[in-house]
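Reader: I have a structure open and would like to talk through its pockets and its nonpolar packing. Could we begin with the pocket lining?

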Amino acid sequence: MFTNKAVEKERKKQKLFLWIGILSIIIMIIFFFYGNKKTDEAEKTKDTMHNVILKEKEEHRNNKKAYLDVYTTPYKFAVYEDTSDAYYFVMDDKYMYVVYMTVADYYKLNKKDIETNPIKIEGVTEKTPDDIKKLAIDAYNDAMENEEDKLTLNDFDNYFGSIYLDMTPSNDSIGGFEYLMGTIFGVLGLTMFIIFFVIKIRFKNGIKKLDSNEIMKIDMEMNSPDSFYYEKAHLYLTKNYIINFAGTFNVINYKDIIWIYPFITRTNGIKTSQSIMVVTKDGKRKNVADIDCFTKGKKEIFDEIFNTIASKNDTIIVGYDKESQMKAKEELKKYKTK
């Protein structure tokens, strides 16, 4: 169909989105695999809260999957500002523990028959902060009538253990980081696939609009030494045509252009890129080139493309001032009435 090497080069660039998508999906699978592996390992090593507390070394107690059967309604004793999650006392059939849970979890455990129908809870063990230890001791002592039953801060670890059970969703999965990264790469991969197929379809549809004679003429003009290929702008300027490869295959004849003007994109008030916009006789507004203008070289390329297009048709209206806008509107009206 086309013999010009730039067309094939642009096709290959489109495949880059496909390869990035495939690589992203592979990385997603790897992250999910290790996330599942860590979760499975944690499930296999999951133990009762009491047994985890009895571990000899502190590093063997922290960040472990644990569970316990709750026989009492939770008693709230501490809550941080700006959250409804709180620290509670709960008991199994023998011991008292500190548990951090959401309000929803609290209501699940707030049952009248919990003493006869205990509810199993699960979470991840965390080292109890000193401020929570103090609040726990104060709350416990407030509930004790006899002085001899009251505890000191030094008694905390022996009575409650040095860890608490965190039931909040953010700590529900040991493989949380892996699942998060897997999701990110999965979304990236899906996005790359969508971009690839959209560009591929638009590219094919752009070519389908041309008959064989037009394709032959355009191909000959692109192969002419008088034509210019701007690779970074994905643009070909031939004797009679603008061929835009930027996510599409769009051919514009210079004689069909009524108006050309620069469009500036700003981010936080700073100019980040410039586009070359053209309006054709059918009233369609088309972006034929996006070029960042951070360097002198890029600015020169932008000016060269802009001035070349403007010079190809003596009737083209140039610029975006009020006078140019009015002239363009008048010209469009003429072609609409024809």
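Reader: Which helices and strands each supply at least two residues of the lining of the largest pocket?

Author: In this predicted model, they are helix H6 (176-208), helix H7 (212-223) and strand S11 (250-253).

Reader: And where does the largest share of that lining come from?

Author: Strand S11 provides the largest share, with four residues.

Reader: Which residues lie nearest the centre of the pocket?

Author: Lys209, Asn250, Val251, Ile252 and Lys286 do, out of 20 lining residues. The volume of this pocket is about 490 Å³.

Reader: How do the lining residues divide into nonpolar, polar and charged?

Author: Eight are charged, six are polar and six are nonpolar.

Reader: Turning to the interior, which residues of the largest nonpolar core touch the most other members?

Author: Ile242, Ile276, Ile305 and Ile309 do, in a core of 20 residues. Strands S9 (235-237), S12 (257-267), S13 (270-280) and S14 (285-291) each supply at least two residues of this core, as does helix H8 (296-311). H8 gives the most, namely five residues.

Reader: What is isoleucine 242 in contact with, leaving aside its neighbours within four places in sequence?

Author: Its contacts include Asn250, Val251 and Ile252, three residues that also lie nearest the centre of the largest pocket. Isoleucine 242 is also in contact with Leu235, Tyr236, Leu237, Tyr254, Ile257, Val288 and Ile309.

Reader: How many residues are in the second, separate core?

Author: That core has 18 residues, among them Met49, Ile53, Val90 and Ile114.

Notes
Residues numbered from 1 in each chain as written. Predicted model: local features only at pLDDT ≥ 70, side-chain atom pairs only at ≥ 80, totals over all residues. Heavy atoms only, no water. 1 Å grid on protein atoms, 1.4 Å probe; cavity = no way out; pocket = protein on both sides within 12 Å on 5 of 7 lines; lining within 4 Å. Points joined across faces, edges and corners; volume = space filled by probe spheres on them. Nonpolar A, V, L, I, M, F, W, Y, C, P; charged D, E, K, R; others polar. Core = buried A, V, L, I, M, F, W, Y, C linked by side-chain atoms within 4.5 Å. Buried < 20%, exposed > 50% of the residue type's maximum accessible area, 1.4 Å probe, protein only. Contact = heavy atoms within 4.5 Å.
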